[in-house]
Amino acid sequence: MDIACRLRIMADTAAILEFERQYPLEGYRRLAFMMLDADVVAASPSSVYRVLKQAGRLEGWNRKLDEARARREAARQAARIAVARRKK
């Protein structure tokens with residue numbers, strides 16, 4: 001493998017990881033197709049999985065959803081408290 005190919009792989013890996021940071025709740029398959037649509041990287045779902053797995057970025061989908069639910073619930077609770085304070 002020549003240096004240009006290695007640089008391309010490193011650039012694609014960085015792009016995949018950055019894209020995953022922007023969309024943390026999406027799965028690797030959806031990320032692969034979203035990146036194709038956005039003209040970011042042309043990578044297969046298995047390649048995206050491999051990159052995310054090697055970077056330690058694959059958590060169970062359930063944990064991500066639980067964290068998102070907890071954030072939404074905290075925001076709702078804060079809104080309820082703010083409304084209650086305005087009414088007093």
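This report walks through the fold, core, aromatic pairs, salt bridges and surface of a predicted protein model.

## Overall fold

Let's start with the big picture. The protein has 88 residues, and buried residues make up 18% of them. Its secondary structure consists of four helices and zero strands. Read from the N terminus, the elements follow the order α-α-α-α.

Helix α1 covers residues 3-22. Helix α2 takes in residues 28-37, while helix α3 takes in residues 45-54. Just after α2 comes D39, a residue with a positive phi, near 55 degrees.

For a feel of how the chain meets itself, take the contacts between residues at least 6 apart in sequence: 43% of these join residues at least 24 apart.

## The nonpolar core

The largest nonpolar core is a set of twelve residues. Its members are I16, L17, F19, L31, A32, M34, M35, V41, A43, V48, V51 and L52. Three elements, α1, α2 and α3, each give two or more residues to this core. The biggest contribution comes from α2, with four residues.

Helix α2 deserves a closer look here. Its residues L31, A32, M34 and M35 are buried, and the buried residues of this helix pack against α1 and α3. Another useful residue to click on is L17. Once neighbours within four places in sequence are set aside, L17 is in contact with V51, L52, A55 and R57. Of these partners, V51 and L52 are also listed in the core, as is L17 itself.

## Aromatic pairs

There are two aromatic pairs in the structure. One joins F19 and Y23 in a tilted arrangement, with 4.9 Å centre to centre and 45 degrees between the planes. The two partners sit in unlike surroundings: F19 counts as buried because its relative accessibility is 7%, under the 20% cut-off. Y23 counts as partly exposed, with 34% relative accessibility. F19 also belongs to the largest nonpolar core.

The other pair is made by Y28 and Y49, and its geometry is edge-to-face: 5.0 Å centre to centre, with 65 degrees between the planes. This pair links distant parts of the chain, since Y28 lies in helix α2 and Y49 in helix α3, 21 residues apart. Both rings belong to partly exposed residues, as Y28 has a relative accessible area of 29% and Y49 has a relative accessibility of 35%.

## Salt bridges

Now to the charged side chains. Side chains of opposite charge can pair when their charged atoms come close. This structure holds six salt bridges.

One of them brings together the side chains of R21 and E18, at 2.8 Å from N to O. Both residues lie in helix α1, three residues apart, which is about one turn of the helix. E18 is partly exposed, at 37% relative accessibility. A similar spacing appears in helix α4, where R76 and E73 are three residues apart, about one turn of the helix. Their side chains meet in a salt bridge at 3.7 Å, N to O. R76 is partly exposed at 44% relative accessibility, and E73 is partly exposed too, with a relative accessible area of 36%. A network of salt bridges links E73, R76 and R80.

The salt bridge between the side chains of E20 and R57 has an N to O distance of 2.5 Å. Here the partners come from distant parts of the chain: E20 is in helix α1 and R57 is in the loop between α3 and α4, 37 residues apart. E20 counts as buried because its relative accessibility of 6% is under the 20% cut-off. R57 is a residue to remember from the core section as well, being among the contacts of L17.

## The surface

Finally, the outside of the model. The accessible surface of the protein comes to about 6800 Å², and carbon and sulfur atoms account for 55% of it. I3, L7 and M10 make a nonpolar surface patch of about 350 Å². Of these three, L7 can be found in helix α1.

Technical notes:
Residues numbered from 1 in each chain as written. Predicted model: local features only at pLDDT ≥ 70, side-chain atom pairs only at ≥ 80, totals over all residues. Heavy atoms only, no water. Phe/Tyr/Trp six-rings, centres within 6.5 Å; stacked < 30°, edge-to-face > 60°. Buried < 20%, exposed > 50% of the residue type's maximum accessible area, 1.4 Å probe, protein only. Contact = heavy atoms within 4.5 Å. Areas by Shrake-Rupley, 256 points an atom, 1.4 Å probe, with all protein chains shown as cover. Patch = residues over 30% accessible without salt bridge, like charges linked within 9 Å, V, L, I, M, F, W, Y side chains within 5 Å. Salt bridge = Lys/Arg side-chain N within 4 Å of Asp/Glu carboxyl O. Core = buried A, V, L, I, M, F, W, Y, C linked by side-chain atoms within 4.5 Å.
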